2 protein chains.
Amino acid sequence: MRISLIGSGNVATHLGAAFKNAGHKIVQVYSRSIDHATLLAYHLGAAPTTDLASLNPETDVFIIAVKDDAIAAVARELTQYQKLIVHTSGSTDLAALSGLTSNAGVLYPLQTLSANKEVDFSLVPLCVEGADNYITDKLEKLAHTVSKSVYRVNSAQRKTLHLAAVFACNFPNYLYTIAQQLVEQSGLGFELLRPLILETAQKVQDAFPAGVQTGPAIRNDETTMAAHLQLLDSSPQLKELYALLSQAIIKMDNAGQGRK
Amino acid sequence: MRISLIGSGNVATHLGAAFKNAGHKIVQVYSRSIDHATLLAYHLGAAPTTDLASLNPETDVFIIAVKDDAIAAVARELTQYQKLIVHTSGSTDLAALSGLTSNAGVLYPLQTLSANKEVDFSLVPLCVEGADNYITDKLEKLAHTVSKSVYRVNSAQRKTLHLAAVFACNFPNYLYTIAQQLVEQSGLGFELLRPLILETAQKVQDAFPAGVQTGPAIRNDETTMAAHLQLLDSSPQLKELYALLSQAIIKMDNAGQGRK
């Protein structure tokens, strides 16, 4: 297919590379910044542009990968071309596009994508939704050219997925930061924690997290929890967080979802 | 060295296997349960026992891997043999042993060890502490026979490490459980989240977590956070947790530790 990317950030970069590697033609890369457009277009063998009003119409699908609050405005300018228009946002309704055009879809990659970190795109779950079945089928096929994991996910489900991703990725990463601060305060380095962090994530690749929960809370080890709270005495916020998470884990076990 | 294991749980099992594979002789495995002692002893080519009063004295080091609150009582029975006695607990002071014998040490593996999950022990950070320099040196050498990552860590540091491990492992794993519940409530499966969880942990293997923090909180994306809180309306506890973690991430960014 002939694909144009609207946006030049992490999602556009990774999606563009994956589609190009799968044999699709990346026609144009749009960005408000000509430098950003040029750089990504160069990597993808595409043409850069900063003008939504004069895009190349020889394109099968426009992929919008811009900030959530800019999606609708960008889409409004694209409807004139009467091509398939998809956005890539987890937290944005399909209606943001389908109110503007009947050629609307969503292609949401459920992964944390960084500029300088390659990912094996074949393992990235792609969630597709179309304004009608024909579009959904088309998007599903397109998604399968770059990923083994393609799911039909409607807008309500996608919003919940996006929320779940915050708990599965953003919040754990913040807890890693706290852990780093703690070890560094006692003169040790973050490298001590890296194998533990990796193993914790690897464990749930073929198990469910409730079944492999460890630590003082799941054992209801009050002595250790009290000692930990005392170590956090100088930081009321961390203390509150520790207490809240520990209480929730204790409750989880009582509810019979723990390591039984 | 000739090593006897006091305990037959996850730590005893993994340490025992690592030492055996490195060429050490596992002499005996003690457990209160003869079944547990026999099973682990069988795997390690050792003799099982349930009697601390008649252990084989032809042992260089007794490794205590029992529950924290049983360590001191077990150690008291071992002092008669006048051998090196080490415990493996992150949250227990060396003094729990050194009050009983001068031959005391700690060998703390900083990893989440499960019965049915093999780990590459050469990558497990081992934290050693001895009652004197001679013992610390000896433990450091012993630890290096099974792991590439050996650290001298005193009791105060080890307690902080253990606390940090709760933030790096136990709490993230609980957040994975919440994420699972959320996706399952909307009819999707946990397998959608597994690649995201793994990538989040892999990212911090050669970066610091503050540098790769993503999500609505670090962007101070109030619209998305408000939508997420609304999705959590039926669960006040999750709502509180979401708000607390998000506020902390926003503060972190303001403090200049975020993605700059």
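This is a chat about a predicted model, covering a sheet in chain B, the contact between chains A and B, and some salt bridges.

Biologist: Let's start with the sheet in chain B. How many strands form it, and in what order?

Modeller: There are 8 strands, and the order is β3-β2-β1-β4-β5-β6-β7-β8. The sheet is open, with mixed pairing.

Biologist: Which strands are the edge strands?

Modeller: In chain B those are β3 (47-49) and β8 (150-152), each pairing on one side only. Going from one strand to the next, the twist averages 25°.

Biologist: Can we zoom in on β5 and β6 of chain B? In which sense do they pair, parallel or antiparallel?

Modeller: Parallel, over 3 bridges. In chain B, β5 covers residues 84-87 and β6 covers residues 104-109. If you want a spot to look at, B:V86 stands opposite B:G105 in β6(B).

Biologist: And what holds strands of a sheet together, in general?

Modeller: Strands pair through backbone hydrogen bonds, in either a parallel or an antiparallel way.

Biologist: OK, new topic: the two chains. How many residues does each give to the contact?

Modeller: Chain A gives 86 residues and chain B gives 86 residues.

Biologist: What area do they bury between them?

Modeller: About 8400 Å² between chain A and chain B, with 69% of it on carbon and sulfur atoms.

Biologist: What about polar contacts and salt bridges there? How many of each?

Modeller: Between chain A and chain B, 28 residue pairs are in polar contact, counting pairs with both residues at pLDDT 80 or more. The salt bridge count between the two chains is 2. One of them joins the side chains of A:K117 and B:E199, at 3.3 Å from N to O.

Biologist: Which elements of chain A give two or more residues to the side that touches chain B?

Modeller: They are α6 (155-185), α7 (194-203), α8 (222-231) and α9 (236-254) of chain A. The most comes from α6(A), with 26 residues. Sorted by class, that side of chain A has 51 nonpolar, 24 polar and 11 charged residues.

Biologist: Back to salt bridges. How many does the structure hold over all chains?

Modeller: Over all chains, 14. One to click on is A:R158 with A:E129, whose side chains meet at 2.6 Å, N to O.

Biologist: Which parts of chain A does that pair tie together?

Modeller: A:R158 is in helix α6 of chain A and A:E129 is in strand β7 (residues 126-130) of chain A, so the salt bridge links parts 29 residues apart in sequence.

Note on methods. Residues numbered from 1 in each chain as written. Chains lettered and ligands numbered in written order. Predicted model: local features only at pLDDT ≥ 70, side-chain atom pairs only at ≥ 80, totals over all residues. Heavy atoms only, no water. Pairing = 2+ DSSP bridges. Helix = DSSP H or I, 4+ residues; strand = E, 2+ residues; numbered from the N terminus. Axes fitted to C-alpha atoms, helices over the stretch in contact; angles between N-to-C directions. Contact = heavy atoms within 4.5 Å. Buried area = accessible area lost by both parts, 1.4 Å probe. Salt bridge = Lys/Arg side-chain N within 4 Å of Asp/Glu carboxyl O. Polar contact = N/O pair within 3.5 Å; in protein donor to acceptor, adjacent residues only side chain to side chain. Nonpolar A, V, L, I, M, F, W, Y, C, P; charged D, E, K, R; others polar.
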